[in-house]
Amino acid sequence: IAFLYTDVVRVIVLFYAMPAWGFLLGWIVLRDPITPGRGATLVLSFLGLYVVFGRETGIPLPENKGDWFALLSGFIWALSALLILIHRQVGFVVHGVNFFGSAAVTCLLAAVFMTAQGNLTAPTSGQIWDAMIWVLPASILLTLPACFAAVFAPTRLNPGVAGLLFMVEVVVGAITAAIWANEVLGAREIIGLILIMMAGLMDPLIVLLKKGARA
């Protein structure tokens with residue numbers, strides 16, 4: 001839904017503040033400590049949000065409903081990852097089915113609501129068929145495997161760490177948005193993306209350095 005109302009890069013920046021929410025939730029619920037690496041992640045994440053969204057007000061608040069949806073999606077993902085981690089006895093296949101089921105219901109309700117509000121126009125049967133020709137193969141070959149893998153990871157990892165492993169999407173999303181969606185990346189967006197990426201890489205890099213030092 002966020003993509004309908006704001007730019008791809010802004011969605012990425014807001015969604016990938018997710019590791020910050022994940023570490024905070026892990027600290028509150030699981031009593032996981034906020035290590036120096038995770039503290040740096042929090043600082044860099046919110047600094048990235050400040051650079052992109054601070055502007056004249058100095059307060060890094062989202063500027064439209066698309067931004068708010070993107071921010072909310074990142075928080076919900078972190079919360080979901082936490083719940084998956086807590087309920088490890090539930091198989092990841094069950095979580096995956098629940099993921100798609102809840103997503104289908106949410107999207108259907110959102111489509112009905114936005115159509116009723118005049119924000120969307122109901123598609124014709126021809127438009128649906130034209131879309132299905134490429135949506136079905138893409139969903140089966142790309143979306144399904146990726147989503148089940150994404151649901152499996154939080155069953156084994158802290159929600160913040162799980163979020164970090166998705167950081168490659170930041171680079172891919174920004175590049176493809178510039179190429180295919182003709183979005184212009186301004187200085188604020190580029191700096192914000194770099195800070196968010198640094199935040200995502202901070203904790204695992206510190207862990208690797210510590211392992212190297214012990215070896």
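Helix α9, residues 168-180, has 13 residues, which at 1.5 Å a residue should span 18 Å; the C-alpha atoms at its ends are 18 Å apart, so expectation and model agree. The model is a predicted one. Its secondary structure amounts to 10 helices and zero strands, and buried residues account for 34% of the 215 residues in the protein. The points below begin with helix α9 and proceed to other helices, the nonpolar core, a loop and a pocket.

**Helix α9**

- The buried residues of α9 are V170, G173, A174 and A177. Viewed down the helix axis, the buried residues of α9 fall within an arc of 95 degrees, and therefore they line one face of the helix.
- V168, I179 and W180 are exposed, and they sit on the face of α9 that is turned away from its buried side.
- After α9 comes N182, which has a positive phi, near 55 degrees.

**Overall arrangement**

- Along the sequence, the protein reads as the pattern α-α-α-α-α-α-α-α-α-α.

**Helices α2 and α4**

- Helix α2 is mostly covered, with seven of its eight residues buried. These buried residues are V9, R10, V11, I12, V13, L14 and F15.
- Helix α4 has 18 residues, and at 1.5 Å a residue the expected span is 26 Å; its end C-alpha atoms lie 26 Å apart, so the two values agree.
- Many positions are buried in α4, among them the glycines G37 and G48. Also buried in α4 are R38, T41, L42, L44, S45, L49, V51, V52 and F53.

**The largest nonpolar core**

- In soluble globular proteins, nonpolar side chains tend to be buried together.
- The largest nonpolar core in this model contains 25 residues, and V13, L14, Y16, M18, L49, F53 and L193 are those with the most contacts inside it.
- At least two residues of this core come from each of α2 (8-15), α3 (18-30), α4 (36-53), α5 (65-86), α9 and α10 (187-214).
- Helix α2 supplies the largest share of this core, namely six residues.
- Two of the residues named for their contacts in the core, V13 and L14, are also listed among the buried residues of α2. Likewise, L49 and F53 are named for their contacts in the core and are listed as buried in α4.

**The loop between α3 and α4**

- R31 is located in the loop between α3 and α4. Its phi is positive, about 65 degrees, although R31 is not a glycine.
- R31 has a relative accessibility of 64%, and because exposed means over 50%, R31 counts as exposed.
- T35 also lies in the loop between α3 and α4. At 28% relative accessibility, T35 counts as partly exposed, because that class lies between the 20% limit for buried residues and the 50% limit for exposed ones.
- T35 and F23 are separated by 12 residues in sequence, and their C-alpha atoms are 9.7 Å apart in space.

**The second largest pocket**

- Rolling a probe the size of a water molecule over the atoms shows where empty space is left.
- The second largest pocket has a volume of about 170 Å³.
- This pocket is lined by P123, Q127, I128, A131, M132, W134 and V135.
- By residue class, the lining of the second largest pocket comprises six nonpolar residues, one polar residue and no charged residues. Glutamine falls outside the nonpolar and charged classes, so the polar member of the lining is Q127.

Methods: Residues numbered from 1 in each chain as written. Predicted model: local features only at pLDDT ≥ 70, side-chain atom pairs only at ≥ 80, totals over all residues. Heavy atoms only, no water. Helix = DSSP H or I, 4+ residues; strand = E, 2+ residues; numbered from the N terminus. Expected span 1.5 Å × (residues − 1). Buried < 20%, exposed > 50% of the residue type's maximum accessible area, 1.4 Å probe, protein only. Arc of directions from axis to C-beta. Core = buried A, V, L, I, M, F, W, Y, C linked by side-chain atoms within 4.5 Å. 1 Å grid on protein atoms, 1.4 Å probe; cavity = no way out; pocket = protein on both sides within 12 Å on 5 of 7 lines; lining within 4 Å. Points joined across faces, edges and corners; volume = space filled by probe spheres on them.
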